[in-house]
Amino acid sequence: MTAEKDTEQSTAPTPKALAVAKAFVADHGGSARTVVENIGRAGARVVLIGEDGRLGDVMVTSPAVGEALVEAVDGLTANEWDSETTAALKIGAAHRRKMAGRNAG
């Protein structure tokens, strides 16, 4: 196997990651903004923000795999955590309570 093929395979998203991202796009308006977040040794989190403002994510093995996932799925666009992207989020009360944990008042 060539070094190019090794790199291509190591950055290819898994079928499961592709399926999750495609389903999110289909369920939340036909497109989604994405932000790929490096989480160190654990890999990367691909944050998905649907047209309807819903939040989702896909965990992958590296930021490069996250970027490849964004490229591979129609309807995903790469973004940063800028004011436009954060304004697109519509986080409901139930999600806020879940994020606050058991100490939520």
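1. Let's start with one pair of residues. In this predicted model, Ile49 sits opposite Leu55 of strand 3. Two further pairs can be followed from there: Asp57 of strand 3 is the bridge partner of Val47, and Gly56 of strand 3 is the bridge partner of Leu48. Strand 2 covers residues 44-50, runs antiparallel to strand 3 and is joined to strand 3 by six bridges.

2. The link between these two strands is worth a look on your screen. Strand 2 and strand 3 make a hairpin with four residues between them. Gly53 lies in that turn and has a positive phi of about 85°.

3. Which residues of strand 3 point to the buried face? They are Gly56, Val58 and Val60, within a strand that spans residues 55-60. Leu55, Asp57 and Met59 point to the other face and are not buried. As background, side chains in a regular strand alternate between the two faces of the sheet.

4. Now the other side of strand 2. Strand 1 and strand 2 run antiparallel too, and seven bridges join them; one pair to look for is Glu37 with its bridge partner Arg45 in strand 2. The hairpin of strand 1 and strand 2 has five residues between the strands, and Gly40 takes a positive phi near 80° there.

5. Why is strand 2 described as largely enclosed by the rest of the structure? Six of its seven residues are buried, so the surroundings cover most of strand 2.

6. Stepping back to the whole sheet, four strands form an open arrangement in the order 3-2-1-4, with mixed pairing. Strand 3 and strand 4 (76-78) are at the edges and have a single partner strand each, so one side of each has no neighbour in the sheet. On average, neighbouring strands of this sheet are turned by 30° against each other, direction ignored.

7. Helix 3 lies across strand 1 (32-38), strand 2, strand 3 and strand 4. Relative to strand 1, helix 3 runs at about 170°.

8. What does the largest nonpolar core contain? It has 16 residues, and those with the most contacts inside it are Val46, Val58, Val60, Leu69, Val73 and Leu76. At least two residues of this core come from each of helix 2 (15-27), strand 2, strand 3 and helix 3 (63-72). Helix 2 gives the most, with five residues. Another core, of five residues, lies apart from this one; among its members are Val35, Val47, Ile49 and Ala88.

9. Val46 is a handy residue to select if you want to see how the pieces meet. Setting aside neighbours within four places in sequence, Val46 is in contact with residues including Thr34, Val35 and Val36, then Gly56, Asp57, Val58 and Val60, and also Gly66, Leu69 and Val70.

10. Finally, the chain as a whole. Its secondary structure comes to five helices and four strands, following the pattern α-α-β-β-β-α-β-α-α along the sequence. The chain has 105 residues, of which 30% count as buried. Among contacts with a separation of 6 or more, 51% are between residues 24 or more positions apart. The accessible surface comes to about 6900 Å², and carbon and sulfur atoms account for 51% of that surface.

How values were computed. Residues numbered from 1 in each chain as written. Predicted model: local features only at pLDDT ≥ 70, side-chain atom pairs only at ≥ 80, totals over all residues. Heavy atoms only, no water. Buried < 20%, exposed > 50% of the residue type's maximum accessible area, 1.4 Å probe, protein only. Pairing = 2+ DSSP bridges. Contact = heavy atoms within 4.5 Å. Areas by Shrake-Rupley, 256 points an atom, 1.4 Å probe, with all protein chains shown as cover. Core = buried A, V, L, I, M, F, W, Y, C linked by side-chain atoms within 4.5 Å. Axes fitted to C-alpha atoms, helices over the stretch in contact; angles between N-to-C directions.
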